[in-house]
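Work through the exercises below with the structure open beside you. Each task is followed by a solution in steps.

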Amino acid sequence: MAGYTPATASDQAEMLAAIGVSSIDELFEQIPADIRLNRELDLEDGMSESEVYRFLAGLADMNLDAERIPSFLGAGMYDHYVPAIVDAITSRSEFLTPYTPYQPEVSQGGLQVMFEFQTAMSEITGLPVSNAGLYEGPSAAASAAYLAMGQTGRTGLVASRGLHPHSRETLATHAVGFGATLTEVGLEGGLTSADELEAAVSEETAAVFLQNPNFLGAVEDIAALGEAVKARGAMLIVQVDPMTLGILRPPGECGADIAYGDGQPLGNRLDFGGPSFGFFCAREEYLRKMPGRIAGETTDVDGRRGFVLTLQTREQHIRREKATSNICTAQALNSLAGMVHLAWLGKQGFVELGELLARRTAYARGLVGSLDGYELLHDAPVVREFAVRSDRPVDELLPLGDQADGPAPRLPVYPLGRDYPEYEDCFLVAITENRSVDEIGWLAHMLEHAQAGWGEHIHDHDHEGNPVAGALR
Amino acid sequence: MSATTLTETPQQADRAKTIYEKSVPGRRAAQLPPLGEGINETPIDELIPAHLLREQPAELPEVSEPEIIRHYNRLSRRNFDLDTGFYPLGSCTMKYNPRLNERVAGLPGHAKLHPATDPSDAQGALQLMYLLQESLSEITGLPTVSLQPSAGSQGELAGLLLTRAYHDDQGRNPTKVLTPDTAHGTNPASVTMAGYEVVKVATNEQGGVDVEDLKSKIDDDVACLMLTNPNTLGVFDENIAEISSLVHDAGGLLYYDGANLNAIMGQARPGDMGFDIVHVNLHKSFSQPHGGGGPGAGPIAVSGRVEPFIPRPQVVRNEIGDEVFFDLDYDRPKSIGRLRGFQGNFGVFVRSLAYILSLGGDGLSEASRLAVLNANYLKQRLSEGRAGKYLPVAFDRHCMHEFVLSGAPMKKDLGIKTLDLAKRLLDFGFHPPTVYFPLLVDEALMVEPVETEAKSDLDAFAEAIESILEEAEGDATVAQNAPYTTPVRRLDEVGATRKPVIRQQIA
Amino acid sequence: MAEASYPEDLKYHPEHDWARIEGGEATLGITWYAQDSLGEVVFFEGPEIGSEVTKDQPYAEVESVKAVSDVVAPVSGEVIAVNESLADAPEAINADPYETGWLIKIRLSDPSEADTLMDSAAYAASLE
C-alpha cells in the first residue's frame with residue numbers, strides 16, 4: 001500500500017485521545033449499521049510503486065500509439081508535435097496542483113494565464129470576447145446552443161452534417177433537456193448544401209451550427225452560408241480547428257456570433273481522447289451570457305496590476321438554477337498548455353504551420369488520389385485532412401497484412417462508415433507536421449498493398465522486406 | 001509591512017507584464033520541420049481560394065523560448081499550490097497528487113494513443129478503462145459505470161438526462177427535482193439544463209434532510225432527489241434509508257452527488273443506501289491533480305434499472321472462445337447518447353486507476369478512515385481556545401471528512417469577517433478553507449483537512465487561526481487589511497466587474 | 001448614501017422596492033436596505049421600453065460581484081423609460097437609490113394597486 005498518509009499509530013492514538021473517542025470506528029457510528037459495508041472492498045490489495053508502474057506500463061505497451069506507427073488519424077484530434085517546454089511548464093507543482101483561483105491574491109499566475117489565453121483565443125478566432133476554457137469541443141456546442149436558445153427565445157437548432165458527428169450527437173443528447181429540436185442539413189460535393197440550409201432555417205431557429213474545416217476536411221464558405229442564417233435572425237455558431245486559423249479566415253470575420261472548438265491540437269497530447277480543453281469566443285453582446293470562467297484585469301489596494309475571476313454572477317455557484325451553465329472548470333492546465341504552444345509558435349510560426357499543413361496535405365491528397373482503387377470523395381479545398389473513397393470495403397482494407405497470419409495492426413486512418421452510412425466506403429486521412437514525406441509515402445504503399453491484396457507483389461523501390469514491420473517501431 | 005515576496009524583488013518590475021507585453025517583432029521560438037522533398041511551396045491561395053483565407057496574421061506573441069520559460073516560471077511563483085502548503089478547501093478534497101500517476105499517464109502508449117485507434121490496437125487502454133469501471137462499481141456499490149462525463153457537473157447533467165430517459169421509458173413525465181438547500185450550486189444549474197424544475201428541501205437541526213418537509217413535497221411529479229451524503233455540512237444523514245424509500249415509493253430516482261465520497265470509501269456505499277445514480281469526482285477522491293481549475297472527470301455509476309440508458313460508447317469485455325477482447329459498444333438503443341467527444345478524459349482515468357491500484361481496497365478504506373480522523377481532530381483543535389469562542393462549529397457532533405464553522409461571533413465581537421480571516425491566513429502561508437458556503441451557515445468556513453496531511457500540519461493551522469484571532473482582539477485592522485505578503489493584495493473586484501477588461505488590447 | 005433613509009413621498013413594496021407615483025406614471029427603484037444588503041452594484045440591465053411589468057413579479061436583476069437579486073415591480077404598467085446612465089455608472093444605485101439611482105419609469109395600468117403598498121413608516125417598521 002502506498003505511503004500517502006502520514007499518520008502513525010502514535011499520531012492516531014494522540015488524535016483519538018484529543019477527540020475523546022477510543023477508536024476511528026466510533027467516528028463512523030453515525031452511519032447506520034444496516035448500511036455499513038462491514039467487509040473489505042473487493043479490490044486487489046495495494047501495490048508498491050514499482051509494481052503499479054510495471055502493470056500500467058504493460059497495458060500501455062499493448063496500445064499502438066503514434067510513436068509506434070505513423071498515425072493518419074484525425075477527426076478532431078491530431079498528432080501534433082508538443083514542444084518540450086509545454087511539459088516543463090505544465091508539470092510545475094504551482095500549475096499542476098492548485099484548485100480553481102478562488103483566492104486571487106495567491107493565484108495571480110493562473111489568473112494571468114487565463115487572461116493571456118483569452119487574448120490569444122480572441123485573436124485567432126477574430127471574436128472580441130473569450131472565456132478561460134470549457135471541458136472540450138462537442139460539449140462546448142451544447143453550451144453554445146443553451147446560450148442561443150436563451151438569447152433568441154427560440155428552440156430550433158440546425159446543424160450541418162459537416163459538423164463533427166460527436167458534436168451533433170452531443171447536441172441531440174442535450175436538446176432533450178433543453179427542450180430543443182435538432183435538424184440536420186446535408187452535404188454536396190463535401191460542402192454544406194446552401195439550398196438545404198436555407199430551407200432548414202426558419203423564424204423558429206435559434207442557431208445554425210457549421211464547422212470549418214468541416215468533418216470531411218473541406219473549407220466551407222462560412223460568410224456565404226451565414227447570410228441565410230442572419231436573414232432569419234438566427235445565431236451563426238461555428239466549430240473551428242484552432243490549428244487551421246493561422247491561414248483560414250477567422251470565424252469572427254465571417255459573421256459568426258460564437259466560435260468554439262476543441263483545443264487538443266494546441267499543446268495537448270492525444271491521451272486517447274482527453275483531457276483537452278474547449279474554447280468559446282463570442283461577440284461582445286454575449287459576454288454576460290457566456291458559460292465558464294472569465295479572468296479580468298484590475299488593481300489591488302496598492303495600485304498594482306492584478307487579475308481576478310470576473311462576471312461571476314453568470315455562474316452556477318451564484319445564480320444556481322438560473323446560471324448560464326453548470327460548468328465549474330476551465331480545464332486550466334490544458335488551456336495553459338495551449339497558451340504555451342501558441343506562444344512557442346508565435347505570430348509567424350502559427351502561419352507557417354498552417355501553410356505547412358496545407359502544402360503537405362495537398363501533396364498527400366494528390367498521391368493517395370492517384371492510386372489505383374481510390375478516388376477523392378470531394379475536391380473542395382482542404383487544410384489538413386481529406387476524404388478518400390475506396391473500391392475495396394474499408395473494413396477489409398485496414399488490417400495491415402493477411403488475417404490468416406494472426407491479428408494485424410490497423411492502418412491508422414479514420415473510417416467514415418459508423419458516422420456516415422452514406423460514406424461507408426470512405427475514410428479520412430489527417431496530416432500534421434509529424435507526418436514526414438517518407439511516412440506519407442509509406443501510407444500510399446500500404447494503401448496500394450491493401451487494395452491489391454496482401455498476397456500480390458507490388459513493385460516497391462523504397463521499402464525492402466515487410467513494409468508493415470518496417471514502419472512499426 | 002513589505003509588499004514584496006521572498007521570490008520576487010521590486011527590481012523585477014515586469015512581474016505582471018503579459019507575454020504580449022514582452023513581444024518583440026521578429027523574435028520567435030518554434031522552428032518547424034522542412035516541408036519535405038518533392039513537396040512544392042505552392043502559394044496558399046492556389047490551394048484555397050483567397051476569400052476563405054486570413055488577410056492579417058493573428059496577433060500572437062513574438063518571443064524566444066528562454067523568454068517563454070522565464071515568463072511562465074515567474075507566473076507559476078505567483079500561485080499557491082498544494083505541493084507547497086496546506087489547502088483545506090471544504091468540498092474540494094485537496095489530497096496529495098502522487099507523481100507516479102503523472103509518470104504512467106505520460107507513457108507514450110497512453111499519451112500518444114489516438115482516440116479513434118481501432119479497439120484491436122488499443123486493448124491496453126480499453127482494459128484500463130474496464131478495470132476502472134469495475135473498481136468504481138465496487139466502491140459505489142452499483143453494477144454499471146460510465147466513464148464518459150468530463151467532470152462532476154457533466155456527470156450530474158448526465159444523471160438527470162438518465163432520469164428523464166428512465167421515466168420516459170416508463171411512460172411517465174414528472175417535472176420536479178428535489179435538492180436540499182445545502183446543495184452545491186451545480187445541482188440546481190444542472191436541473192434547469194435538464195429541463196426540470198428545482199424544488200428545495202429544508203435541512204433539519206442535525207444538518208440532514210428535514211424528512212417532514214420532504215414528505216410534504218413528495219408526490220408522483222417528483223423525478224428525482226439529488227443528495228450529497230455526507231452532506232456539505234460534513235454530516236452523514238442517518239435517515240437515508242427512510243428518505244430512499246420515500247422517493248422510490250413515489251416513483252422517483254435517487255441521485256448521489258459524489259463530491260464527498262472521500263469520507264466513506266470502504267465504509268458505506270451509495271448503492272447500498274438505495275441510490276440509483278452516483279457521480280464520482282476523480283479529481284477529488286481519486287487524486288487527479290486539480291490543475292488550477294481542471295482537468296477532472298466525473299464518471300457515473302448506476303443501478304440496473306438505469307443501465308439501459310447510459311451514455312455511449314461503453315467499454316465492454318467480450319469473451320470469444322479463449323480470447324478476451326475489450327471493445328467499445330455503440331449498440332445501445334436506449335442510450336441518452338453522447339455528452340462529449342470520444343471516450344472521456346482517459347488521461348485522468350490512468351491517474352485514478354494508478355491511485356486505486358496503489359492503495360488497494362484496504363488502502364482506500366484506510367484513506368477514508370484517516371480523512372475522518374483528521375477532520376475530527378482539527379475540529380476538536382478548533383473548538384478550543386479563541387477559535388472555540390469566535391468560530392463555533394455549525395452542527396456540533398462528530399463530523400465525517402469535513403466540518404463547517406460559523407464566523408458570525410467573530411464578526412460581531414471582533415469586527416472581522418470570515419473573508420478577513422481567510423485573507424490573513426494567506427499571510428501565515430495557508431490556503432483558507434472554503435468561505436461563505438454552505439449558504440445556510442452565516443459567515444461559513446468549510447474545512448476539509450484530508451488524509452494526506454500530517455498531524456503537525458493540522459496543529460500549525462489551528463495555531464495560525466488562534467494567532468489571528470488573538471491579533472484581532474488587539475487590532476482588527478490587521479486582518480481587515482490583509483493580506484500583506486502575497487504577490488498582490490486585495491483586488492478591486494467591483495471595478496473588474498463594472499468595466500470588464502478580459503483581454504489585452506493589442507496596439 | 002451611508003445612512004438608512006426611506007423618503008416619505010414614496011410607496012414601498014415588501015421585497016424592498018419603491019415607487020414614486022406621479023399622476024398616471026411611476027418611477028421604480030430599490031430601497032436603501034436592498035442596496036445595502038446587496039453591496040456594491042456592478043450591473044443593471046433594464047427591461048425593453050414598451051414591455052409590461054406586473055405587480056409582485058420580477059422585471060429585472062441587479063448584480064453585485066457575488067450576488068444577483070431580482071427586482072420586483074411594486075405596481076403594474078408599461079415601461080416608458082429605463083435609466084440608461086446606470087449602464088456606465090451602476091454605482092448610482094448605491095450612492096443615491098431614490099434619485100439618480102432610479103431604475104425604470106412605467107405608465108400605470110391600474111393606479112389603485114398603489115393603495116396596497118406601504119408608506120415610509122410602515123416599511124421602516126417592517127425592517128425592524
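**Exercise 1. An open sheet in chain C**

In which sense do E1(C) and strand E2 (residues 17–22) of chain C pair, and over how many bridges? Then place the pair in its sheet and identify the strands at the edges.

Solution. The model is a predicted one.

Step 1. E1(C) and E2(C) pair in the antiparallel sense, and three bridges link them. One residue pair to locate is C:Tyr12, whose bridge partner in E2(C) is C:Trp18.

Step 2. The sheet that holds these strands is open and has six strands, in the order E1-E2-E3-E9-E8-E5 of chain C, with antiparallel pairing.

Step 3. The edges are strand E1 (11–13) and strand E5 (52–53) of chain C. Each has a single partner strand, so one side of each has no neighbour in the sheet.

**Exercise 2. Strand E7 of chain A**

Describe strand E7 (residues 235–240) of chain A: how many of its residues are buried, and which strands does it pair with?

Solution.

Step 1. Count the buried residues, using the cut-off of 20 or more other C-beta atoms within 10 Å. Six of the six residues of E7(A) are buried.

Step 2. Split the strand by face. In a regular strand, side chains alternate between the two faces of the sheet. On one side of E7(A) are A:Met235, A:Ile237 and A:Gln239, and on the other are A:Leu236, A:Val238 and A:Val240. All of these are buried, and both faces are therefore covered.

Step 3. Find the partners. Strand E6 (residues 205–212) of chain A runs parallel to E7(A) and is joined to it by six bridges; within this pairing, A:Leu210 has A:Val238 as its bridge partner. Strand E8 (residues 258–262) of chain A is also parallel to E7(A), with three bridges, and here A:Ile237 stands opposite A:Ile258.

Step 4. Add the helix. E6(A), helix H10 (residues 222–231) of chain A and E7(A) form a β-α-β unit that is right-handed.

**Exercise 3. The nonpolar cores**

How many residues does the largest nonpolar core have, and which residues have the most contacts inside it?

Solution.

Step 1. The largest nonpolar core has 305 residues, and those with the most contacts inside it are A:Ala145, A:Ala207, A:Ile237 and B:Leu162.

Step 2. Helix H11 (residues 346–381) of chain B supplies the largest share of this core, 19 residues.

Step 3. Another core lies apart from it, with 32 residues, including C:Tyr59, C:Ala73, C:Val79 and C:Leu86.

Step 4. Now take B:Leu162. Leaving out residues up to four places away in sequence, B:Leu162 touches B:Ile277, B:Val302, B:Val306, B:Phe309, B:Ile310 and B:Ile336. In soluble globular proteins, nonpolar side chains tend to be buried together.

**Exercise 4. Chains A and B as wholes**

What are the helix and strand counts, the extents and the buried shares of chains A and B?

Solution.

| | Chain A | Chain B |
|---|---|---|
| Elements | 15 helices, 15 strands | 17 helices, 12 strands |
| C-alpha extent along principal axes | roughly 85 × 60 × 50 Å | about 80 × 70 × 45 Å |
| Buried | 62% of 473 residues | 60% of 507 residues |

Finally, check chain B against a globule: a compact one of 507 residues would have a radius of gyration near 23 Å, and the 26 Å of chain B agrees with this.

**Exercise 5. Where chain C touches chain A**

How many residues does each chain give to the contact?

Solution. Chain C gives five residues and chain A four residues. On the chain C side, three are nonpolar, two are charged and none is polar.

Terms used
Residues are numbered from 1 along each chain as its sequence is written. Chains are lettered from A and ligands numbered from 1 in the order in which they are written. Two residues are in contact if their C-beta atoms, placed from the backbone, lie within 7 Å. Ala, Val, Leu, Ile, Met, Phe, Trp, Tyr, Cys and Pro count as nonpolar, Asp, Glu, Lys and Arg as charged, and the others, Gly among them, as polar. Two strands pair if DSSP finds at least two bridges between them. Helices (H or I, at least four residues) and strands (E, at least two) are DSSP runs, numbered from the N terminus. The radius of gyration is taken over C-alpha atoms; the globule rule is 2.2 Å times the number of residues to the power 0.38. A residue is buried if 20 or more other C-beta atoms lie within 10 Å of its own, exposed if 12 or fewer, and partly exposed in between; C-beta atoms are placed from the backbone. A crossover is right-handed if, with the strands pointing away from the viewer, the path from the first strand over the helix to the second runs clockwise. A nonpolar core is a set of buried Ala, Val, Leu, Ile, Met, Phe, Trp, Tyr and Cys residues joined through C-beta atoms within 7 Å.
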